[in-house]
Amino acid sequence: MSNHYDLRETRSPEERAAFLAEALPMQIARARVLPGNIGLAGVDASAIRTPGDLAGLAILRKSDLAAAQGPGAPLGGYGGALSGFDHVFQSPGPIYEPGCIA
C-alpha cells in the first residue's frame with residue numbers, strides 16, 4: 001500500500017511543471033467558452049502554462065459572485081440555464097455551484 005493518496009503526489013517538480021504546461025491551456029480554453037466566460041474573453045489560453053501565469057488573470061471575488069446570483073439568475077449568468085447538471089450545491093454566501101458526477 002502506498003503512503004500517498006495519489007501517486008501523482010510523488011511526481012518531481014519537473015513532471016508537475018510539464019503536466020501544468022499541458023493542462024492549464026486546455027482548462028483556460030474550456031473556461032473561455034462558458035456562458036459569462038468569467039473575464040477570459042481576451043486571454044490567450046496557450047499563454048497560460050504556469051501557476052505564475054494564472055496570477056495575471058482577473059479574478060472573480062466571492063462577494064461579486066454572490067451579488068450576481070440573485071433572483072432570476074441562480075448562477076449569476078456564469079453557468080447558462082439551470083439544467084443539465086447532476087446537482088447544484090449551495091454553499092454559504094449563498095453561492096450556487098452546479099456539478100456533475102462524472
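The questions and answers below deal with a predicted model of a protein chain.

Reader: In what order do the helices and strands of the protein chain run from the N terminus on?

Author: The protein chain has three helices and two strands. Read from the N terminus on, the order of these elements is α-α-α-β-β.

Reader: What percentage of the residues of the protein chain count as buried?

Author: The accessible surface of the protein chain comes to about 7,400 Å². Carbon and sulfur atoms hold 59% of that surface. A residue must have under 20% relative accessible area to be called buried. Of the 102 residues, the share that count as buried is 18%.

Reader: How far does helix 1 reach from its first C-alpha to its last?

Author: Helix 1 covers residues 13–32, which is 20 residues. At 1.5 Å a residue, 28 Å is expected. The reach in the model is close to that value, at 28 Å.

Reader: At which residue does the kink in helix 1 lie?

Author: Helix 1 contains the proline Pro25, and a kink lies shortly before that residue. The angle is about 25°. The residue at the kink is Ala23.

Reader: Which helix is included in what covers the buried residues of helix 1?

Author: The buried residues of helix 1 are Ala21, Ala23, Leu24, Pro25, Ile28 and Ala31. Ala23, where the kink lies, and Pro25 are thus both on the buried list. The cover over these buried residues includes residues 51–54, that is, helix 2.

Reader: Is Ala45 buried or exposed?

Author: Ala45 belongs to the loop between helix 1 and helix 2. Apart from neighbours within four places in sequence, Ala45 is in contact with Pro25, Ile28 and Ala29. Its C-alpha is 8.2 Å from that of Gln27, although the two are 18 residues apart along the chain. Because its relative accessible area is 9%, Ala45 is classed as buried.

Reader: Which residues does Gly76 contact, leaving aside its neighbours within four places in sequence?

Author: Gly76 is found in the loop between helix 3 (62–68) and strand 1 (87–91). Its relative accessibility is 18%, so Gly76 counts as buried. With neighbours within four places set aside, its contacts are Ala68 and Gln69.

Reader: What is the C-alpha to C-alpha distance between Gly76 and Ile95?

Author: Gly76 sits in a loop that precedes strand 1. In sequence, Gly76 and Ile95 are 19 residues apart. In space, their C-alpha atoms are separated by 9.4 Å.

Reader: Which residues does Thr10 touch, not counting those up to four places away in sequence?

Author: Thr10 is placed in the segment before helix 1. With a relative accessibility of 47%, Thr10 is partly exposed. Beyond the residues up to four places away, Thr10 touches His4 and Arg16.

Reader: Over the ring of which residue does the charged end of Arg11 sit?

Author: The structure holds zero aromatic pairs. A ring does take part in another arrangement, with the charged end of Arg11 placed 5.0 Å from its centre. The ring belongs to Phe19.

Reader: What share of the contacts with a separation of 6 or more comes from residues 24 or more positions apart?

Author: The count concerns contacts in the protein chain with a separation of 6 or more. Among these, residues 24 or more positions apart account for 31%.

Methods: Residues are numbered from 1 along each chain as its sequence is written. This is a predicted model: local features need pLDDT of at least 70, side-chain atom pairs count only at pLDDT 80 or more; totals for chains, interfaces and linings use all residues. Side-chain values use heavy atoms; hydrogens and water are left out. Rings of Phe, Tyr and Trp (its six-membered ring) pair if their centres lie within 6.5 Å; planes under 30 degrees apart count as stacked, over 60 as edge-to-face and the rest as tilted. A charge sits over a ring if NZ of Lys or CZ of Arg is within 6 Å of the ring centre and within 35 degrees of the ring normal. Helices (H or I, at least four residues) and strands (E, at least two) are DSSP runs, numbered from the N terminus. The expected span of a helix is 1.5 Å times one less than its number of residues. The bend at a residue is the angle between axes fitted to the seven residues ending there and the seven starting there. Buried means under 20% relative accessible area, exposed over 50%, partly exposed in between (1.4 Å probe, protein chains only). Contact means heavy atoms within 4.5 Å. Accessible areas come from the Shrake-Rupley method with a 1.4 Å probe; for residues, only the protein chains shown count as cover.
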